[in-house]
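Reader: I am in my first year of study and would be grateful for a close look at one part of this structure. Could you please take me through how its strands are arranged, and then place that part beside its surroundings?

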Amino acid sequence: MKLADIKKLKVAELRSKLTELGLDSRGLKAELVDRLWSASQSGQSPEHVELLEDSSPTPSGPTEPAEVQVPTESSSQPVVECAAAPCEVDRCKAYTDTATQTELEAGSPAVSPGSERLPGSETVCQAEGGRLEPTGGPLSEEMGRGRAFYEFKEEIRYKRSKSPQPPQDKEEEEEWDEDKVRLDPYDRHLHFEVGSDGSCGQPRYWDRFPLLWSGCRLTHGVRQGRVSFEVRLERKLLTVESEDQEVKDSYGLRAGWSVGNSSLLLGEDELSYAYDGCGQKVSGGNTEEYGEPLSEGDIIGCYASFSTDGAVELFFHKNSRFLGRAFYLSPSVLRGRILVPHVLCKNCSVRLLLDPVTPQWYPGPPGFTPLTALPAGQRVRATSAPSRVQCEVVMMVGLPGSGKSFWAQTRMKQYPEKKYRLLGTEDLLTCMLSGGQRDSRLQQASQCLTDLIKAAAETPGNYILDQCNVLFSARRHKLQLFAGFRRRVVVVFPSADEWKRRLSQRRMSDGEHIPETALLKLQVSCSLPEPQPELMEELEYAELPQEQAQILLTEYKEEAHRLLPPVIKPDKKPRWCKKRRHLLGPPPSNRMQWTAVPGWADPRNNMQPRHWNLPYQQQNYDYNRSFAYSGSQSYS
């Protein structure tokens, strides 16, 4: 079946055919058309084809190159053509799937006719010595689509999004009492939502991204004495799992202590100690059997006992039942650093007892004092509220594998006092401690990151946006969100040889594969930023200067255009303009002025067509027989 014939089908017919093939029949018509077309062209089994997924097409804009939809590697068919592309792709492959094609720019070379690869045939490439070498069939579906694929899909959505509203001048927020203990809104995951009273919280996106663990610390910690706090598992949020949900544990809770500069993932760093609700103790990512599993309504008591020599003992209670000592920290471990109460949860809401007047839920061992009941001088403030004027956002720009994440991590190590928050897909993947295929987690992380960027723009702090950000529309939208911050754009654009080396190194170390077609289309749609005072305060090219980077990007685009075939647009039927026939009476005044008949506009003449005074039953003849639309009489 031809693509034009598939597009003529109605949505119900498309879904019926997809159901017969055993494919997913959900989505918009464009997605259904692409899915059915890919299935008809690939000639593969339905079990393999159902993994295909295409992003929605977007129109090109005047301010950036034509942005195209990202295809899947399974639906692309290589062309027997050799190319020296400076990226980690098969140099001999080009793609002819019409569902993923893009328009050719003027002067760009087209794919030679007759070079299309037949279904089931083996792709060959002419090597440098003139010998034809096989390059194998389609990519293995186990390779996955990779981080760049899903990030690019999310960036395309900004093409159609409206410009964000400028931030309104908010009234000065009520300053909190420095001595009041509460969940810290500035020392938490952005996907952790703190309640209005500051003593309860839950994951912000638990319904859409159930794999995310969300953590938060309290505003105060301790470094001496015998201190305690209590946490209650308030309720489960994800009670019914869908059939395709790959979550082993529908909910989870960790409670314990950590130092202020450790990860918000409680128990995953060395100086982070937690009691896990599945009946384990966790520290440094290592788990041991401890205690009992938790259920809804259970209360955990967390206790820290500091000795005079600096050693610390940590133990826990469950519903007033002593579970034994969990951790012992020698004097050389903390070295005077404070321990801060910390909670980490997934798909459940938690509440801490932070009211100094309310009695404890379960009285603890003798000699321990609740954190909120300690004198103000014995509590130590862990963080301070930042000012929006002093906040900074750094936007990374570059193609996949160019070194953006390395630059961002180096920046965070060089300036630890700024306490940068890294907003990136990989950072969110670390918050998904268990469950789900990597592709599923990547897709969730990329979608969640879009929401987190909006939340970050409303929360004072220093941020680094670790994404490709190669589309002008995506950069503009994000930078407009952070109006009021100091906005800095850093472009990481290495030389061709260096980029190829980094891509290869990334694939070897992380095992992540970037689909060839997605990488080529990223090069086609990429645009480099230029100084724009209304959007950014600083622009930096970290490696190649702007002029050389622009020249190299032009070469990438020409090579990508050569490998990607043009879009085959279906023939459009001409639209015949039909004149609308007016009802009895004069045409609307905004379309025709009846001024040609002498005396028509004079109200004293009361001049009207003679049939207007006839009864309705007698007005059965054509009005045009008496008066033409120009206002002059006509006779037939």
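Author: Please keep in mind that this is a predicted model. A convenient place to begin is strand β8, at the residue Val227, which stands opposite Thr369 in β18. Strand β18 covers residues 369-370, and 2 bridges join β8 to this strand, the two running parallel.

Strand β8 itself spans residues 226-236, and 7 bridges join it to strand β13, residues 299-306, in an antiparallel arrangement. Within this pairing, Ser228 has Tyr303 of β13 as its bridge partner. A further antiparallel pairing links β8 to strand β17, residues 348-352, through 5 bridges. Here Arg232 stands opposite Arg351 of β17. Strand β8 is thus joined to β13, to β18 and to β17. As a general principle, strands of a sheet pair through backbone hydrogen bonds, in either a parallel or an antiparallel manner.

A second arrangement of strands may be set beside this one. An open sheet is formed by 7 strands in the order β3-β6-β16-β9-β10-β11-β12, with antiparallel pairing. Strands β3 (183-188) and β12 (286-293) stand at its edges; each has a single partner strand, so one side of each is left without a neighbour in the sheet. Neighbouring strands of this sheet are turned by 30° against each other on average, with direction ignored. At the β3 edge, the partner is strand β6, residues 214-218, and the two pair in the antiparallel sense over 2 bridges. In that pairing Arg188 stands opposite Cys216 of β6.

Let us now turn to the nonpolar cores. In soluble globular proteins, nonpolar side chains tend to be buried together. The largest nonpolar core in this model has 64 residues, and those with the most contacts inside it are Leu399, Leu423, Tyr463, Phe482 and Phe493. Helix α9, residues 438-457, contributes the largest share of this core, namely 9 residues. Leaving aside residues up to four places away in sequence, Phe482 touches Val393, Ile453, Ala456, Ala457, Tyr463, Leu465 and Arg487. A second, separate core has 42 residues, among them Phe229, Phe327, Leu352 and Leu354.

Finally, a charged residue deserves a look. Arg35 lies in helix α3, residues 29-42. Arg35 has a relative accessible area of 10%, and it therefore counts as buried, the cut-off being under 20%. The side chain of Arg35 reaches the backbone oxygen of Arg26 at 3.1 Å.

Notes:
Residues are numbered from 1 along each chain as its sequence is written. This is a predicted model: local features need pLDDT of at least 70, side-chain atom pairs count only at pLDDT 80 or more; totals for chains, interfaces and linings use all residues. Side-chain values use heavy atoms; hydrogens and water are left out. Two strands pair if DSSP finds at least two bridges between them. Helices (H or I, at least four residues) and strands (E, at least two) are DSSP runs, numbered from the N terminus. Buried means under 20% relative accessible area, exposed over 50%, partly exposed in between (1.4 Å probe, protein chains only). A polar contact is a pair of N or O atoms within 3.5 Å; within protein, one must be able to donate a hydrogen and the other to accept it, and residues adjacent in sequence count only if both atoms are side-chain atoms. Axes are lines fitted to C-alpha atoms, for helices over the stretch in contact, and angles run from 0 to 180 degrees between N-to-C directions. A nonpolar core is a set of buried Ala, Val, Leu, Ile, Met, Phe, Trp, Tyr and Cys residues joined through side-chain atoms within 4.5 Å. Contact means heavy atoms within 4.5 Å.
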